[in-house]
Amino acid sequence: MRLFHLFRRGSAPIARERLQILLAHERVACSHPDLLGILREEIIAVIGRHVSFEPDKVQIKMDRGKSVSTLAVDIEIPNLDQMSGLVPRYNQPTARPDNSVFGMEGSEI
Amino acid sequence: MPARSGMARGRHDANFGDELRQRKVVTMAQVLVVTSGKGGVGKTTSTASLGAALARDGAKVAVIDFDVGLRNLDLVLGAERRVVFDLINVINGVAKLSQALIRDKRLETLYLLPASQTRDKDALSEEGVAKVIEELRTKFDWIICDSPAGIERGAMLAMRYADAAIIVTNPEVSSVRDSDRIIGLLDSKTRKAERGERVEKHVLITRYNSVRAARGEMLSINDVLEILSTPLLGIIPESQEVLRASNVGSPVTLNNPLSAPARAYFDAARRLKGESVPMVVPSEGRGIFNKLFARKAA
């Protein structure tokens with residue numbers, strides 16, 4: 001059915017549609033060559049004002065869809081209960097809750 | 001892209017014509033770059049054909065090959081055995097511009113500045129190119145820079161000092177994508193763009209097959225123009241005359257001036273001069289689809 005459809009209307013409309021979607025994205029990418037890099041830095045700065053985390057544990061992903069794109073920000077934050085009693089802007093790097101290193105470093109303070 | 005979507009689109013941008021005419025009155029040279037991003041779409045053929053079309057009317061035209069290491073404009077113009085000095089020799093001061101320019105044997109107002117076949121493309125310096133173009137501006141009406149494919153140094157320098165750009169595009173996805181990228185670079189990396197001015201941009205569609213486009217097998221003119229949001233300079237039909245002309249080392253506008261592609265190039269050249277020429281796809285008179293395909297460009 002699909003092939004029949006393709007055959008009837010020709011493949012040019014498909015080419016046109018693919019190009020329109022692709023170029024819409026590429027034009028944005030070209031006007032901000034490092035859009036993700038800039039977003040990453042600014043997001044880290046904003047979140048870092050309130051929560052401490054390791055910059056390496058931040059993942060930013062952009063998915064391009066047909067009509068919308070999604071921006072996924074994944075930040076690994078140390079559990080709050082492990083941070084309670086510590087200074088609010090605790091800047092120790094390690095974050096995993098079941099990590100003994102965290103306890104060791106916490107006890108040093 | 002707000003900058004581009006706001007641009008006038010149309011079969012002929014009236015402002016462009018007026019501006020060109022004004023420039024001709026004060027006898028200022030026009031520097032054109034023929035560019036595309038993608039290779040093999042017809043940049044060199046178009047440079048030679050348009051250069052010859054403009055020179056045939058008596059204008060002084062210099063065509064410059066920027067494809068250092070892979071020059072071909074000399075071959076397409078049939079001047080390959082007359083190359084002594086090249087663009088890089090002039091930049092390095094080895095030769096004077098007048099020594100490197102090769103006068104066409106058929107048209108006495110058409111000159112070629114060939115690229116070097118042996119040197120590295122890094123031998124092109126920005127200052128050197130600027131100096132050569134400034135000198136050419138004092139001697140010619142039209143300076144047409146034939147860009148290499150890609151977006152490397154040679155291509156960036158070919159567009160660097162352009163007043164207007166001809167973006168050669170085939171009605172095919174990869175060519176259109178690359179043209180879009182080139183349009184972005186023309187709007188940001190040229191000297192005019194950096195000064196806040198605008199490089200006039202024009203799409204020249206080559207290898208167009210109106211029969212296949214009518215069947216929906218090939219992107220149509222409107223598809224291409226809508227996607228690129230750039231006015232149309234001309235539509236060059238796919239034709240064996242183009243290959244025949246390059247085989248014998250003569251621009252198609254000289255080799256067979258009555259052929260369909262030659263007529264399309266002559267129309268495009270007149271539009272460059274600011275004339276208003278109806279946009280048609282010249283045909284070689286075969287089949288019903290070739291009945292003058294008059295269409296609005298946007």
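Biologist: What percentage of the 109 residues in chain A do buried residues make up?
Modeller: This is a predicted model, and in it buried residues make up 23% of chain A. To be counted there, a residue needs a relative accessible area under 20%.

Biologist: Which elements does chain A have, and how do they run from the N terminus on?
Modeller: Chain A has 5 helices and 2 strands, and the order is α-α-α-β-β-α-α.

Biologist: Let's turn to the contacts between the chains. What makes the meeting of Arg177(B) and Glu26(A) a salt bridge?
Modeller: The test asks for a side-chain nitrogen of Lys or Arg within 4 Å of a carboxyl oxygen of Asp or Glu. Here the N to O distance is 2.4 Å, so the pair passes the 4 Å cut-off.

Biologist: How do you know that the pair joins two chains?
Modeller: Arg177(B) sits in helix H9 of chain B, residues 173-186, whereas Glu26(A) sits in helix H2 of chain A, residues 12-31, so the bridge joins two chains.

Biologist: Why does Glu26(A) count as buried, and why is Arg177(B) partly exposed?
Modeller: Glu26(A) has 18% relative accessibility, and buried means under 20%, so Glu26(A) counts as buried. Arg177(B) has 34%; partly exposed is the range between the buried limit of 20% and the exposed limit of 50%, so that label fits Arg177(B).

Biologist: Which residue forms a salt bridge with Arg27(A)?
Modeller: Asp180(B) does, with the closest N and O atoms 2.5 Å apart. This pair crosses between chains, from helix H2 of chain A to helix H9 of chain B. Both Arg27(A) and Asp180(B) are buried.

Biologist: What links Arg16(A), Asp223(B) and Glu226(B)?
Modeller: A network of salt bridges links the three residues. Over all chains, the structure holds 18 salt bridges.

Biologist: What makes Arg137(B) and Asp163(B) a salt bridge?
Modeller: Their closest N and O atoms are 3.2 Å apart, and the limit is 4 Å, so the pair qualifies. Arg137(B) belongs to helix H7 (residues 126-137) and Asp163(B) to the loop between helix H8 (153-160) and strand S6 (164-169), so the bridge ties together parts of chain B that are 26 residues apart in sequence. Arg137(B) and Asp163(B) are both buried.

Biologist: Why is helix H12 of chain B called mostly covered?
Modeller: Of its 8 residues, 6 are buried. Among them are Ile221(B), Asp223(B) and Leu228(B).

Biologist: What is the phi of Ser229(B), which follows H12(B)?
Modeller: It is positive, near 45°, and Ser229(B) is a residue other than glycine. Ser229(B) is found in the loop between H12 and S8 of chain B. With a relative accessible area of 9%, set against the 20% limit, Ser229(B) is buried.

Biologist: Now the pocket. What volume does the largest pocket have?
Modeller: About 570 Å³. Of the 28 residues that line it, the closest to its centre are Gly40(B), Gly42(B), Lys43(B), Thr45(B) and Arg207(B).

Biologist: Which elements of chain B each supply at least two residues of the lining of the largest pocket?
Modeller: They are helix H3 (43-56), helix H4 (73-76), strand S7 (200-208), strand S8 (232-237) and helix H13 (240-248). By class, the lining has 12 nonpolar, 10 polar and 6 charged residues.

Biologist: Why does Arg207(B) count as partly exposed?
Modeller: Its relative accessibility is 43%, and partly exposed lies between 20% and 50%, so the label fits Arg207(B). Arg207(B) lies in strand S7 of chain B, and its phi is positive, near 55°.

Biologist: One last surface feature. Which residues form a nonpolar patch on the surface?
Modeller: Leu36(A), Met62(A), Leu71(A) and Val73(A), with about 290 Å² of accessible area together.

Biologist: Why does Leu36(A) count as partly exposed?
Modeller: Leu36(A) lies in helix H3 of chain A, residues 35-48. Its relative accessibility is 34%, between the limits of 20% and 50%, so Leu36(A) counts as partly exposed. A patch member needs over 30%, and the 34% of Leu36(A) meets that too.

Terms used:
Residues are numbered from 1 along each chain as its sequence is written. Chains are lettered from A and ligands numbered from 1 in the order in which they are written. This is a predicted model: local features need pLDDT of at least 70, side-chain atom pairs count only at pLDDT 80 or more; totals for chains, interfaces and linings use all residues. Side-chain values use heavy atoms; hydrogens and water are left out. On a 1 Å grid over the protein atoms alone, a cavity is a set of points where a 1.4 Å probe fits but cannot get out, and a pocket is an open set with protein on both sides within 12 Å along at least five of seven lines; lining residues have an atom within 4 Å of a point. Grid points are joined across faces, edges and corners, and a volume is the space filled by probe spheres set on the points. Helices (H or I, at least four residues) and strands (E, at least two) are DSSP runs, numbered from the N terminus. Ala, Val, Leu, Ile, Met, Phe, Trp, Tyr, Cys and Pro count as nonpolar, Asp, Glu, Lys and Arg as charged, and the others, Gly among them, as polar. Patches are made of residues with over 30% relative accessible area and no salt bridge: like charges are joined within 9 Å, nonpolar side chains (Val, Leu, Ile, Met, Phe, Trp, Tyr) within 5 Å. Accessible areas come from the Shrake-Rupley method with a 1.4 Å probe; for residues, only the protein chains shown count as cover. Buried means under 20% relative accessible area, exposed over 50%, partly exposed in between (1.4 Å probe, protein chains only).
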